Amino acid sequence: MGGPSALPLLLLLACCGAPGGANLSQDDSQPWTSDETVVAGGTVVLKCQVKDHEDSSLQWSNPAQQTLYFGEKRALRDNRIQLVRSTPHELSISISNVALADEGEYTCSIFTMPVRTAKSLVTVLGIPQKPIITGYKSSLREKETTTLNCQSSGSKPAAQLTWRKGDQELHGEPTRVQEDPNGKTFTVSSAVTFQVSREDDGADIVCSVNHESLKGADRSTSQRIEVLYTPTAKIRPDPPHPREGQKLLLHCEGRGNPVPQQYLWEKEGSVPPLKMTQESALIFPFLNKSDSGTYGCTATSNMGSYKAYYTLNVNDPSPVPSSSSTYHAVIGGVVAFIVFLLLILLIFLGHYLIRHKGTYLTHEAKGSDDAPDADTAIINAEGGQSGGDDKKEYFI
């Protein structure tokens with residue numbers, strides 16, 4: 001019978017007398033803290049608060065139960081640990097240059113009756129090292145399949161690896177995880193296999209490590225690949241529309257890796273080949289109608305060869321005047337314009353003279369009508385002399 005009667009007493013002790021009962025929210029003397037996450041090499045702040053301190057001081061201790069601070073008094077000689085704030089209701093400390101060994105549960109205690117404690121779990125993130133890419137050969141041939149490997153150590157928790165080619169994502173194998181000898185960090189690795197094409201020549205294959213300690217920062221390594229492929233070629237005329245009598249260059253523009261080193265020019269129906277040279281241009285100093293036809297250029301490298309064709313149609317001489325005739329035409333136009341201006345000037349001048357000459361003649365006629373006739377005046381004078389009996393004088 002003693003067993004059933006003891007059960008309520010045990011439950012009462014568990015709720016009210018045991019240390020676990022001190023964590024009840026209505027206990028104003030129960031301190032509280034928070035869990036913290038910090039990157040290795042960073043600084044973490046541990047903050048402990050209590051509402052009713054009951055005239056007792058707060059204390060911080062490390063996972064090894066070594067006292068770090070009791071109130072404002074330093075207990076452990078570690079210059080990385082500094083006091084941030086100490087009041088009857090709060091004790092905050094900081095730990096700088098945090099190492100992986102600092103990870104664990106830190107305890108905040110207040111020495112009331114009974115002693116009350118609160119735990120703060122400090123998680124230290126291991127920063128992954130810059131990834132390393134292996135498996136690349138000196139060069140790859142077109143359509144060849146290759147496998148690249150990527151590895152990064154020192155992450156905690158384990159990081160993830162991703163691949164891309166330029167801006168294109170590559171689907172590699174799932175990230176493999178291996179614990180490091182220190183038992184705290186991890187080494188991750190991944191491989192990617194793909195077939196290369198000529199467009200991949202000079203492309204960057206990038207391996208990136210993703211981890212929360214990087215806070216979005218890029219940590220990646222790239223490997224530039226070289227792809228060998230057969231050449232291609234095309235023929236470009238200069239000038240684009242050749243005419244009889246002009247100079248013409250046919251450029252055989254070869255592309256490949258390696259670049260074509262030899263060019264063979266041929267004309268259909270013509271034997272032997274026109275030209276074999278390391279230069280890519282075929283030159284016609286003076287085009288004739290007989291040069292019309294289909295020309296072929298074979299570009300060759302140690303990866304193979306490629307033949308391009310161009311049909312040449314020599315047009316009649318250009319009707320566009322030469323530069324000298326254009327110059328003479330310009331001079332003739334200027335002279336004609338000057339002659340035209342002189343002609344206009346002469347017309348205006350002649351019109352002006354004719355108009356003013358007519359005005360002069362009109363005034364001269366009016367003057368002769370108003371003046372007395374000289375002969376009449378003389379006759380009158382003579383008549384006055386012969387008629388002396390009248391004794392009249394005539395004034396002219």
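Two residues are said to be in contact when heavy atoms of theirs lie within 4.5 Å. With that in hand, a first look at this predicted model can begin with the chain as a whole. Among contacts in the protein chain with a separation of 6 or more, 60% are between residues 24 or more positions apart. The chain has 396 residues, and 32% of them count as buried. Its accessible surface comes to about 25200 Å², with 55% of this belonging to carbon and sulfur atoms. Three helices and 25 strands are found along the chain.

A good place to start among the strands is an open sheet of six, arranged in the order β1-β9-β8-β3-β4-β5 with mixed pairing. The edges are taken by β1 (36-39) and β5 (73-74); each has a single partner strand, so one side of each is left without a neighbour in the sheet. Further in, strand β3 (residues 58-61) and strand β4 (residues 67-70) run antiparallel and are joined by three bridges. Here Q59 stands opposite F70 in β4.

F70 also leads to the aromatic rings, where the count comes to two pairs. In one of them, F70 and F111 are tilted, with 6.1 Å from centre to centre and 55° between the planes. This pair links distant parts of the chain, since F70 belongs to strand β4 while F111 sits in the loop between β8 (104-110) and β9 (116-125), 41 residues apart. F70 is partly exposed, with a relative accessible area of 36%, and F111 is likewise partly exposed, at 40%. The rings of F284 and Y295 also pair: their centres are 5.5 Å apart and their planes stand at 85°, so this pair is edge-to-face. Because F284 lies in strand β23 (residues 281-284) and Y295 in strand β24 (residues 293-301), the pair ties together parts that are 11 residues apart in sequence. Both of these residues are buried: F284 has a relative accessible area of 9%, and Y295 has one of 2%.

Elsewhere in the chain, strand β15 (residues 176-179) pairs with β16 in the antiparallel sense over four bridges. The two strands form a hairpin with six residues between them, and G183 in the turn has a positive phi of about 75°. S189 offers a closer view of this hairpin. It lies in strand β16 (residues 186-195), where S189 is the bridge partner of R176. Is S189 buried or exposed? Its relative accessible area is 15%, and S189 counts as buried because this is under 20%. Leaving aside neighbours within four places in sequence, S189 is in contact with C150, Q151, L161, P174, T175 and R176.

The last stop is helix α2, which spans residues 323-370 and includes I347. With a relative accessible area of 52%, I347 is exposed, because the limit for that class is over 50%. I347 is also one of the residues that make a nonpolar surface patch of about 1200 Å². Other members of the patch include V330, V334, F337, I338 and F340, along with L341, L342, L343, I344, L345 and F348.

Terms used:
Residues numbered from 1 in each chain as written. Predicted model: local features only at pLDDT ≥ 70, side-chain atom pairs only at ≥ 80, totals over all residues. Heavy atoms only, no water. Buried < 20%, exposed > 50% of the residue type's maximum accessible area, 1.4 Å probe, protein only. Patch = residues over 30% accessible without salt bridge, like charges linked within 9 Å, V, L, I, M, F, W, Y side chains within 5 Å. Areas by Shrake-Rupley, 256 points an atom, 1.4 Å probe, with all protein chains shown as cover. Salt bridge = Lys/Arg side-chain N within 4 Å of Asp/Glu carboxyl O. Pairing = 2+ DSSP bridges. Phe/Tyr/Trp six-rings, centres within 6.5 Å; stacked < 30°, edge-to-face > 60°.
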